[in-house]
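This briefing goes through a single protein model, topic by topic. Please have the sequence and the coordinates open while reading.

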Amino acid sequence: AAKTNFDKVVRGKRVILSDEICPAEICIKDGVIADIRKGDPSSFDGSVEVIDAGDLYVMPGVVDSHVHVNEPGRTQWEGYVTATRAAAAGGITTIVDMPLNSIPSTTTLSAFQTKLEVARDKLYVDVAFWGGVVPGNDRELQSMIDAGISGFKCFLIHSGVDEFPHVTEADLHKALQVLQGTNSVLLFHAEVDQTIDTQTSTSPEAYQTFLESRPKSMENHAIQLVSDMCQQYGVRCHIVHLSSAEALPIIRAAKQRGLPLTVETCHHYLSLLAEEVPDRATQFKCCPPIRDRNNQDLLWEALKARDIDMVVSDHSPCTADLKLLDTGDFTAAWGGVASVQFGMSLFWTNAAQRNLTVRDLVDWMCVMTSDLCGMGHRKGSLQVGMDADLVIWDPDGTFTVTEDIIQHRNKVTPYLGKVLRGMVHRTLVRGQTVYHNGTFSSQPLGAILLKPTTSTK
């Protein structure tokens, strides 16, 4: 065999490259893709570990840019070990941690440094970080950018936790002035408060009661504000967890004007339906809410049209007691869906019925998400020079979501009992196997990701 300077090769008949799906070998050296050889297999000397995926898909690892890890401060909700093991089991090789619901929230340089200290040595996949924009912290933003934060998130409505207050328009002007001329991005939880017209449903145990309390108009008004701000400042703006299809015309108009606006939606909006949420089933509660079938069809159409740019989990777990499963009170239960481990399979289960391909999956869950968090130069596609983050999976394999396979800390999820398509066999982070058929690497092999700064300030 020819002498090579690779330490590992992943070979398969169906490798998802940027330009085609074909037999290929991904040759890895020091955690980076050193060569990609299409066509017939080569022979390598005995020092090279060869992983043969056979007929399974070999794909870039998924980048989930919307995960709430909640450590430090609320580690009984989740934590770095459990969140990153769940990610690895789901073929995710990078997550981006939201600035809440940890204590402290990531709204100062000092809080960001605390996050980094706490996360180190606990990560089974790579982790980048979002900061937060809250009233009065505009003077912290530049130092956080300099320290490698991926960007910032703000709320236009109460966040659910008092230590992460929502912003006014005046706060937004201050923050966007700071972000102008940087390569940073501002993420918006796009709902605004408004008076609710008379509710037809009043029982706290009925999903309809909660749904009527968060109408689409709350999102629509907020998204118009985001579009206006994006136009005024030219700073990249991003709408998290779009649920209202009524806001799509605003988004389309902004994109047609060339504004730097991107939009994500979540697996729960694409796979769950308001009509099918049982009474008292608070594991389905999230904000903005899961909506009706017609709305869902329009979200899928918008994805196909690239009006929506990406799909993420918004994994937002809590302890079982906060879901009030015993009383089933939708109005008082914590809002959030736990799903980080199942995102790829959830997407694939639905995609097949909607004539979407694995190439769409890579676009929406690898390429666009890594670009959003400033990691597009290293993550999201199989190219020479990029990190060797790979998932090997069976597009035809199915499994049932049961408590015993769930890796995140709290097992409350609306997907319990669902049969999903798309079975992860192996996950590699920078060339190292972190998950393989139910077992994990003996120690955490993930790393902290800091965004390179290129500021014109």
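Thr82 is a residue of helix H1. The model is a predicted one, and the points below start from Thr82, then turn to the overall fold, the cores, the backbone exceptions and two further sites.

**Thr82**

- Thr82 has a relative accessible area of 13% and is therefore buried, the limit being under 20%.
- The side chain of Thr82 comes to 3.3 Å from the backbone oxygen of Gly79.
- Leaving out residues up to four places away in sequence, Thr82 touches Gln407, His408 and Arg409.

**Overall fold**

- The protein contains 11 helices and 17 strands.
- Its radius of gyration is 21 Å, and the globule rule gives 23 Å for 457 residues; the two values are close, so the protein is as compact as a globular protein of that length.
- Taken along the principal axes, the box filled by the C-alpha atoms is roughly 75 × 50 × 40 Å.
- Buried residues make up 60% of the 457 residues of the protein.
- The exposed area of the protein is about 16500 Å², and 49% of it is supplied by carbon and sulfur atoms.
- When contacts between residues at least 6 apart in sequence are considered, 75% of them join residues at least 24 apart.

**Nonpolar cores**

- The largest nonpolar core has 108 residues, and Met59, Phe347 and Trp393 are those with the most contacts inside it.
- Helix H6, spanning residues 216–233, gives the most to this core, contributing 7 residues.
- A second core, separate from that one, has 18 residues, among them Val15, Leu56, Val58 and Leu390.
- Which residues does Met59 touch, not counting residues up to four places away in sequence? On the lower-numbered side there is Ile16, and the others are Met344, Val358, Leu361, Val362, Cys366, Leu382, Asp389, Leu390, Val391 and Trp393.
- Trp393, one of the residues with the most contacts inside the largest core, is thus also named among the contacts of Met59.
- Leu390 belongs to the second core, and Leu390 is likewise touched by Met59.

**Cis peptide bonds**

- Most peptide bonds are trans.
- Glu71 and Pro72 are joined by a cis peptide bond, with omega at about 0°.
- Pro72 sits in the loop that runs between strand E6 (62–67) and helix H1 (80–89); helix H1 is also where Thr82 lies.
- Another cis peptide bond, again with omega of about 0°, links Ile103 to Pro104.
- Pro104 is located in the loop between strand E7 (92–97) and helix H2 (109–119).

**Positive phi outside glycine**

- Most residues other than glycine have a negative phi.
- Arg280 is not a glycine, yet its phi is positive, at about 70°.
- The loop between helix H8 (267–271) and helix H9 (293–304) holds Arg280.
- Arg280 counts as partly exposed because its relative accessibility is 35%.
- Asp314, also not a glycine, has a positive phi of about 45°.
- Asp314 is placed in the loop between strand E13 (310–312) and helix H10 (343–351).
- Is Asp314 buried or exposed? Its relative accessibility is 7%, so Asp314 counts as buried.

**Val419**

- Val419 is part of strand E15, which covers residues 419–429.
- The relative accessibility of Val419 is 53%, and Val419 therefore counts as exposed, the limit being over 50%.
- Apart from residues up to four places away in sequence, Val419 touches Thr349, Thr398, Phe399 and Thr400.
- Val419 and Thr349 are 70 residues apart along the chain, and their C-alpha atoms are separated by 8.8 Å.

**Pro165**

- Pro165 lies in the loop between strand E9 (151–155) and helix H4 (169–179).
- With 35% relative accessibility, Pro165 counts as partly exposed.
- Beyond its neighbours within four places in sequence, Pro165 is in contact with Val134 and Pro135.
- The C-alpha atoms of Pro165 and Leu272 are 29 Å apart, and 107 residues separate the two along the chain.

Notes. Residues are numbered from 1 along each chain as its sequence is written. This is a predicted model: local features need pLDDT of at least 70, side-chain atom pairs count only at pLDDT 80 or more; totals for chains, interfaces and linings use all residues. Side-chain values use heavy atoms; hydrogens and water are left out. A nonpolar core is a set of buried Ala, Val, Leu, Ile, Met, Phe, Trp, Tyr and Cys residues joined through side-chain atoms within 4.5 Å. Buried means under 20% relative accessible area, exposed over 50%, partly exposed in between (1.4 Å probe, protein chains only). Helices (H or I, at least four residues) and strands (E, at least two) are DSSP runs, numbered from the N terminus. Contact means heavy atoms within 4.5 Å. A polar contact is a pair of N or O atoms within 3.5 Å; within protein, one must be able to donate a hydrogen and the other to accept it, and residues adjacent in sequence count only if both atoms are side-chain atoms. The radius of gyration is taken over C-alpha atoms; the globule rule is 2.2 Å times the number of residues to the power 0.38. Accessible areas come from the Shrake-Rupley method with a 1.4 Å probe; for residues, only the protein chains shown count as cover.
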